[in-house]
Every structure is written in C-alpha cells, then in structure tokens.
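Thanks for coming. I will walk through one protein model today, and I will keep to what can be read off the coordinates.

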Amino acid sequence: MVAIYARQSIDKKDSISIDTQIELCKRQLPDGTPCVVYPDKGYSGSNINRPEFQRLLEDVKAGKIDRIITYRLDRISRSVLDFANLVDLFNKHGVSFNSTQEQFDTGTPIGRAMLTIVMTFAQLERETIQIRIRDNYYARGEKGMYLGGPAPFGFRKTEIRTEQGRLKLLEPNPDTVETLVRIFRMYGEDMMSLCGIAKQFNSESVWAPKGNHWDSSKVSRILRNPAAAQSSAELYHYYRNRGIRFTNDIADFAFGKGCYLYGKRNSNQRKYTDVSGHTLSLAPHDGVIPAELFLKCQERLDGNQQIDNRKRSQITWLTGLIKCGKCEHAAIPKSSNFGRYHNIYCSGKVSYNCCDVEGNLGRLDTVENAVRDRIFLWAERYSALRSENAAVNTQERNRLSCRMEELDDSIHRLIDMAAESGEITSRYLDEKVSQLEKERCGLEEELNHMQEGRQEAIAKEVQDIETTWDSLDIVGKNRIAELLISRILLFHDHMDIEWKYRFDLG
Ligand SMILES: [Zn+2]
C-alpha cells in the first residue's frame with residue numbers, strides 16, 4: 001500500500017496547506033492507485049510525537065506499507081537524527097520513500113547519503129539561527145532586564161547551563177500552564193468575555209495570580225503578554241504595526257519562541273494598551289499558545305478597547321482612575337433614582353463577587369467635585385513651586401539625556417557585534433554591555449526623577465485650570481486628571497488621591 005504523509009504547523013499561514021500537499025503527492029501516482037493518507041495538522045517537525053505519524057510508523061512496522069510519499073522531506077522530520085533513524089526503519093521494512101520536491105531515491109546508498117547531507121544542512125541552518133537568538137537574548141537578558149519581577153502567569157523561572165555560562169529562562173509552570181492555555185481558548189475560540197472568564201474561574205476556585213480573585217484586568221493582562229505566544233512572522237507584523245522595536249530579525253520569528261515585551265521603566269503604562277516605543281525580544285523558551293490564537297485574542301482585545309473608551313467617557317471623566325478603597329478593583333458609576341444621578345459601586349463586589357464593601361462608594365457628582373477641587377489646589381501649589389527651580393533643572397536634564405542617547409547607541413552597536421562574533425569576543429562584549437546598561441539605568445532613574453519634560457507639559461496644562469475647567473468636555477477633563485493622578489481610592493467617607501507627581505508641599 002502507498003502511504004501519503006502530510007504535515008502543517010498551525011502558525012504559518014504562508015506554508016502550503018495539507019490538502020495541497022496531498023494533491024501534489026497523489027500526482028506522483030498513476031490514476032486510481034489506492035493509497036492511505038496520514039495528515040498531521042498543527043504539529044511541528046521538531047520531533048516525531050505526532051498522532052498520524054505514529055500511526056504511519058505502526059503500519060510500516062506491521063508491513064502494510066511499501067512506499068511513502070510526502071510533499072517535502074521536512075514534512076517527515078526536521079531533525080537529522082530522527083530522520084536517519086526513520087530512513088533505517090523504512091529500509092528495514094522494505095519501504096521506499098520519496099518527496100515531490102526533492103529527487104532522491106532512498107533505494108540506493110548514494111540517494112540515502114544525499115538525503116542525510118541535505119537534512120544536515122537544513123538542521124544546521126536552524127540551529128545557527130537559534131544560537132543567534134540566544135546570543136541576542138544573552139547579551140541583554142542576563143541583567144534580568146527581561147526576567148525582572150515575577151515570572152508571567154503560566155510560567156516559572158529556571159536556569160540552564162550553556163557553553164556561555166548559565167542562562168535564565170522561563171519554562172511552563174505545571175500548576176498554572178493549563179489555566180493559561182484555557183484563558184486563550186476561552187477568549188479566542190469560545191468568544192467568552194473577559195468578565196465571563198473571570199467569573200467562571202472564581203466559581204471554579206481556579207488559582208489566580210497573587211492568589212486573589214480573578215477579574216477582567218487580570219485576564220486581559222495575561223492575554224496581552226506575548227511570553228506565552230509562539231513567535232511567527234504574523235506576530236512580528238502585528239507588533240511592528242504598533243510601533244514596537246525589535247532585537248531580532250523577522251526570520252528568527254519562525255520558531256515558535258516566546259517573546260519578551262518590555263517598555264521604559266516608570267512609563268506610566270496601563271496594561272500594555274500603548275506599546276509604541278517598547279521593545280520585543282525573542283525569548284529562549286518555547287511559546288505555548290499558537291500565534292494564530294494569540295493574535296486572534298489581541299485583535300479582540302484591541303476592539304474592546306475602542307468600544308470601552310467610547311462608552312465610558314460619556315459618563316464621567318473619572319473613568320479609569322477611581323478604585324474601591326477596600327479591594328482596589330475599578331469603581332464604576334451606575335445610574336440611580338431613574339437616571340437622575342449616579343452612584344459609584346465597587347466592580348469587585350458587583351461583577352466578581354470578591355469584595356465585601358458595604359453599599360455604594362458615594363455619589364458620582366459629589367466625588368467629581370471633590371476631585372476637581374483637589375486638582376485646583378494641586379495646580380496652584382505646583383505652579384508656585386515650579387517657578388523656583390525650573391531654570392537649574394533644564395540644563396542638567398539636557399546633559400543627562402545626551403549621555404543617555406550616546407549610551408543607547410553604544411549598547412545597540414555592541415549587541416549587533418556580539419550577534420556576529422565568536423564566543424570569546426561576544427563574552428567580552430556582553431560584559432561591556434552590562435557595564436553600559438548599568439550606567440544607563442542610573443541615568444534613567446535620575447532623569448525620571450527630574451522629569452523636567454513632563455513638568456513642562458504639566459505646567460502648560462494646569463495653567464489657569466480654574467478658569468478653563470468648566471469649558472472642558474469629559475474627554476478633556478479625563479486627560480488632565482490622568483496626567484496628574486495615578487488613581488483615586490474611594491472609601492465610604494473619604495478618598496485618597498495618589499498623584500503621579502508628588503512634591504514637597506512644605
Ligand atoms: Zn471593593
């Protein structure tokens with residue numbers, strides 16, 4: 001019996017489909033020749049743990065097969081070792097083997113030798129690229145830049161030894177990785193809402209990050225993190241369209257590696273919503289979510305965001321800022337008394353059932369007025385204080401930013417060099433990069449501290465705020481509030497405003 005084997009990894013849209021592969025194979029046979037098809041959809045060729053392939057091997061061993069046809073050699077396996085063993089097995093059972101694209105006759109010794117050579121070069125090419133990825137990672141990753149803070153949900157940190165020393169990386173956390181995959185499926189395939197997923201997990205008592213309850217922002221943060229994704233060319237394009245910088249070439253994205261997305265520190269980023277100017281690096285670990293599913297989720301999230309912003313901004317300019325003081329979940333206004341006014345409720349209590357705060361958190365208009373008055377007061381003090389030390393700051397700030405740009409340039413040049421150079425040189429370059437990055441971090445901190453550029457912007461915004469406030473619409477007020485305030489914690493009888501820029505009130 002003739003066997004046709006076809007395989008396609010899920011995450012490559014440009015690769016040739018299973019049906020086409022089968023069609024091409026059938027053309028090798030005289031019309032009407034009986035054959036059995038073994039299609040593996042969504043499996044990589046890096047190992048032979050594929051259901052249909054295993055079935056094929058069983059049939060080979062049972063002597064049912066005398067010929068195997070495949071579209072290309074790499075459909076069978078991408079590993080030379082596996083491949084060599086397979087060719088041996090095929091020979092032992094008198095199975096001949098050919099592909100539609102490569103002309104080899106495995107019935108002859110020279111044909112088998114040619115096969116092995118071709119496969120060896122293919123594997124060598126893949127490994128070279130992977131080493132380059134690792135080097136790139138290594139040059140910057142060692143300083144904990146990517147692995148700073150806790151491991152992303154679904155992963156844990158581990159360390160492996162390489163020729164270049166120890167390499168820190170992520171691996172799936174057996175306790176949580178199933179939940180991680182489930183989240184992506186529920187959102188990207190079952191089209192559940194963020195809230196719905198959170199509710200379901202809470203009702204099942206699924207372990208949540210930080211051990212607390214699930215809510216929509218936890219779910220969305222997990223969905224946004226590309227550490228779980230399997231890199232692909234499409235993934236690269238998705239992020240490129242969002243103004244991301246890369247430390248790897250697009251060609252390196254073909255191997256399903258997880259990604260690190262990291263931004264400027266202190267950048268007031270909210271849940272990855274604005275990623276422009278951030279950097280994406282391929283990680284040394286394998287992703288667990290197919291790129292296609294990951295991107296489907298991103299697109300759904302992107303859509304949500306727009307709807308969200310439009311909807312909420314019509315009710316209050318405090319949107320996104322007010323939180324329940326008890327559980328720190330978002331506080332949300334709901335209309336009361338037939339729409340005559342709004343009361344503010346804790347979403348932790350209303351939507352997720354995880355907060356026991358009593359009643360509501362106050363009337364919206366009362367809270368709005370109170371916050372407005374605090375903003376006025378803040379602006380007044382701010383202007384007075386600023387005029388005193390503005391001049392000194394500007395000069396120093398310019399000096400620091402120049403030095404930082406120089407460092408940035410040097411670091412990037414060194415990393416490029418390291419990727420191209422041999423082991424000893426690249427180790428030396430790594431050290432150099434570490435030094436420079438240390439200095440750069442110091443400067444960045446200093447600069448953030450001064451924040452003169454931001455001060456400039458704030459000063460402009462809050463000038464005459466008391467006279468202009470009433471003429472602003474909800475969006476305008478929200479912009480000012482977001483510029484000044486990190487969040488507002490609401491309690492029954494008072495509120496705590498956390499300002500973004502604190503100064504000594506004297
Ligand atoms: Zn609450």
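**Helix packing, the zinc site and a few single residues**

I start with a helix pair: Leu180, Ile183, Phe184 and Tyr187 of helix 6 are in contact with Val219, Ile222 and Leu223 of helix 8. Before going on, please keep in mind that this is a predicted model.

Helix 6 covers residues 177-188, and its axis lies 10 Å from that of helix 8, at an angle of about 95 degrees. An angle from 65 to 115 degrees counts as roughly perpendicular, and therefore helix 6 and helix 8 are described as roughly perpendicular to each other.

Helix 8 has another partner, helix 7. Helix 7 is residues 194-204 and helix 8 is residues 216-224; their axes come within 8 Å and cross at roughly 110 degrees. That again makes the two helices, 7 and 8, roughly perpendicular. Which residues meet there? On the helix 7 side they are Leu194, Cys195, Ile197 and Ala198, and on the helix 8 side Ser216, Val219, Ser220 and Leu223. If you compare the lists, Val219 and Leu223 of helix 8 appear in the contacts with helix 6 and also in the contacts with helix 7.

Between helix 7 and helix 8 there is a loop, and Ser205 sits in it. Ser205 is not a glycine, yet its phi is positive, about 55 degrees. Is Ser205 buried or exposed? It counts as exposed, because its relative accessibility is 62% and the cut-off for exposed is over 50%.

Let me step back to the whole protein for a moment. There are 16 helices and 14 strands. The protein has 506 residues, and 43% of them count as buried. The accessible surface is about 26,600 Å², with 50% of that belonging to carbon and sulfur atoms. As for contacts between residues at least 6 apart in sequence, 65% of them join residues at least 24 apart.

Now the metal site. Which atoms of the protein hold the zinc ion? The donors are the SG atoms of Cys324, Cys327, Cys346 and Cys355, at 2.2 to 2.3 Å from the ion. Along the chain, these donors of the zinc ion are spaced as C-x2-C-x18-C-x8-C. The angles among the four donor atoms of the zinc ion run from 95 to 121 degrees, and the site is tetrahedral. For four donors the tetrahedral label needs all angles between 85 and 135 degrees, so the range of 95 to 121 degrees at the zinc ion fits it.

Two of those donors come from strands. Cys324 is in strand 10, residues 322-324, and Cys346 is in strand 12, residues 341-346; the two are 22 residues apart, and the pair links distant parts of the chain. Why do both count as buried? The limit for buried is under 20% relative accessible area; Cys324 is at 0%, and Cys346 is at 1%.

Next, the loop between strand 10 and strand 11, where strand 11 is residues 331-336 and the residue of interest is Glu328. Glu328 is another residue that is not a glycine but has a positive phi, about 65 degrees. With 40% relative accessibility, Glu328 counts as partly exposed.

His329 lies in the loop between strand 10 and strand 11 too. His329 is buried, with a relative accessible area of 11%. What does His329 touch, leaving out residues up to four places away in sequence? The list is Asp215, Lys323, Cys324, Ser347, Gly348, Tyr352 and Cys354. One of these, Cys324, is a zinc donor.

Two more positions to finish. Ile488 is in strand 13, which spans residues 485-490. Ile488 is buried, at a relative accessible area of 0%. Its C-alpha is 5.7 Å from that of Leu321, although Ile488 and Leu321 are 167 residues apart in sequence. Setting aside neighbours within four places, Ile488 is in contact with Leu318, Leu321, Ile322, Lys323, Val371, Met495, Asp496 and Ile497. Lys323 is also on the list for His329.

The last one is Thr158, in strand 5, residues 155-162. Thr158 is partly exposed, with a relative accessible area of 22%. Thr158 and Leu169 are 11 residues apart in sequence, and their C-alpha atoms are 5.5 Å apart.

That is the end of my list.

Key:
Residues are numbered from 1 along each chain as its sequence is written. This is a predicted model: local features need pLDDT of at least 70, side-chain atom pairs count only at pLDDT 80 or more; totals for chains, interfaces and linings use all residues. Side-chain values use heavy atoms; hydrogens and water are left out. Helices (H or I, at least four residues) and strands (E, at least two) are DSSP runs, numbered from the N terminus. Buried means under 20% relative accessible area, exposed over 50%, partly exposed in between (1.4 Å probe, protein chains only). Contact means heavy atoms within 4.5 Å. Accessible areas come from the Shrake-Rupley method with a 1.4 Å probe; for residues, only the protein chains shown count as cover. Donors are N, O and S atoms within 2.8 Å of the metal (3.2 Å for Na, K and Ca); water is not among the atoms, so sites may look incomplete. Four donors count as tetrahedral if all angles lie between 85 and 135 degrees; four count as square planar and six as octahedral if opposite donors are over 155 degrees apart and all others between 65 and 115; anything else is irregular. Axes are lines fitted to C-alpha atoms, for helices over the stretch in contact, and angles run from 0 to 180 degrees between N-to-C directions. Angles under 35 degrees count as roughly parallel, over 145 as roughly antiparallel, 65 to 115 as roughly perpendicular and the rest as oblique.
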